Amino acid sequence: MQLVIAAVGHKMPAWIEAGFNEYAKRMPPECRIALKEIKPIDRSGSKTADTVMALERARIEAAIPKGSRIVALDERGKDISTVQLSQLLTQWQQDGRDVTFVIGGADGLDQGFKASADMLVRISSLTLPHGMVRVLLAEQLYRAWSITQNHPYHRV
Ligand SMILES: C[S@@+](CC[C@H](N)C(=O)[O-])C[C@H]1O[C@@H](n2cnc3c(N)ncnc32)[C@H](O)[C@@H]1O
């Protein structure tokens, strides 16, 4: 199983890249996180937010590995605890399908895309900047993995 983070946004500030890499590099080979950055749609001109999100959806779908389970990140999504994430990680490792976490751009994710995702999950009920979401998600995946290993990183 491979974990993929498909994130709209590129040319992130150095502190976002450093934060993401800090956690991604801790993941073991059998649970690597691959980051796929998706170039945002140019927002100049008269495009509506719905049009931008639909165009970004096409780029997102092109970046998702075939057959992957899709977990869309959205502030209106389901709340899950880190322990629940660790249980999901165990199940996902057992079934072997890749898992792609999708982070939207400034306008968010296309409604139809969110409806078709296997899961819609939130990290908090606050609206977070998309760069920060990839850092928080990488840390939570590392924490979830550390729970599955009884690694001392996570203290109950
Ligand atoms: C700046 S936010 C977009 C906000 C947009 N107005 C909306 O309503 O979704 C960019 C992306 O970051 C992710 N995101 C932001 N806050 C989040 C949260 N609390 N939980 C999960 N994902 C979040 C989502 O994938 C979102 O599409």
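Is N150 buried or exposed? N150 is exposed, because 7 other C-beta atoms lie within 10 Å, and a residue with 12 or fewer such atoms is classed as exposed. The notes below return to N150 after the general layout.

1. Status and layout. This is a predicted model. The protein chain has 5 helices and 5 strands. Read from the N terminus, the elements follow the order β-α-β-α-β-α-β-α-β-α.

2. Overall dimensions. The radius of gyration of the protein chain is 15 Å, which agrees with the value near 15 Å for a compact globule, because the chain has 156 residues. Along the principal axes, the C-alpha atoms fill a box of roughly 50 × 30 × 30 Å. Buried residues make up 29% of the 156 residues of the protein chain.

3. Contacts along the chain. Consider the contacts in the protein chain between residues at least 6 apart in sequence. Of these, 86% join residues at least 24 apart.

4. Helix α1. This helix covers residues 14–24, and F20, Y23 and A24 in it are buried. These buried residues line one face of α1, because they fall within an arc of 100 degrees when seen down the helix axis. On the other side of α1, the residues A14, W15 and A18 are exposed. The buried residues of α1 pack against two elements, β2 (33–38) and α5.

5. The shell around the ligand. There are 18 residues around the ligand, and L73, E75, G104, G108 and L128 come nearest. Two elements give two or more residues to this shell, namely β3 (69–79) and α5 (130–148). The largest share, 3 residues, comes from β3. By residue type, the shell divides into 9 nonpolar, 5 polar and 4 charged residues.

6. E75. One of the residues that come nearest to the ligand is E75, and E75 lies in strand β3. E75 counts as partly exposed because 13 other C-beta atoms lie within 10 Å. Leaving aside neighbours within four places in sequence, E75 is in contact with R122, S125, L126 and T127. G108 is also among the residues that come nearest to the ligand. E75 and G108 are 33 residues apart along the chain, and their C-alpha atoms are separated by 9.6 Å.

7. The record. An unreviewed UniProt entry carries the annotation "binding site" for L73, G104, I123, S124, S125, L126, T127 and L128. Among these annotated residues, L73, G104 and L128 are also listed with the residues that come nearest to the ligand in the model. The annotation may be inferred rather than shown by experiment.

8. I123 and T127. Both residues are covered by the UniProt annotation. I123 is found in the loop between β5 (119–122) and α5, and T127 is placed in the loop between β5 and α5. I123 counts as partly exposed because it has 18 C-beta neighbours inside 10 Å. T127 counts as exposed because it has 9 C-beta neighbours inside 10 Å. Not counting residues up to four places away in sequence, I123 touches L73, L128, V133, L136 and L137.

9. Positive phi angles. K11 has a positive phi near 55 degrees and is a residue other than glycine. The place of K11 is the loop between β1 (3–8) and α1. K11 is exposed, because 9 other C-beta atoms lie within 10 Å. N150 has a positive phi of about 55 degrees, although N150 is not a glycine. N150 sits in the segment after α5. As stated at the start, N150 is exposed, with 7 other C-beta atoms within 10 Å.

10. K66. This residue lies in the loop between α2 (49–63) and β3. K66 counts as exposed because it has 5 C-beta neighbours inside 10 Å. K66 and E17 are 49 residues apart along the chain, and 26 Å separates their C-alpha atoms.

How values were computed: Residues numbered from 1 in each chain as written. Predicted model: local features only at pLDDT ≥ 70, side-chain atom pairs only at ≥ 80, totals over all residues. Near = placed C-beta within 6 Å. Helix = DSSP H or I, 4+ residues; strand = E, 2+ residues; numbered from the N terminus. Nonpolar A, V, L, I, M, F, W, Y, C, P; charged D, E, K, R; others polar. Buried ≥ 20, exposed ≤ 12 C-beta atoms within 10 Å, placed from the backbone. Arc of directions from axis to C-beta. Contact = placed C-beta atoms within 7 Å. Rg over C-alpha atoms; globule rule 2.2 N^0.38 Å.
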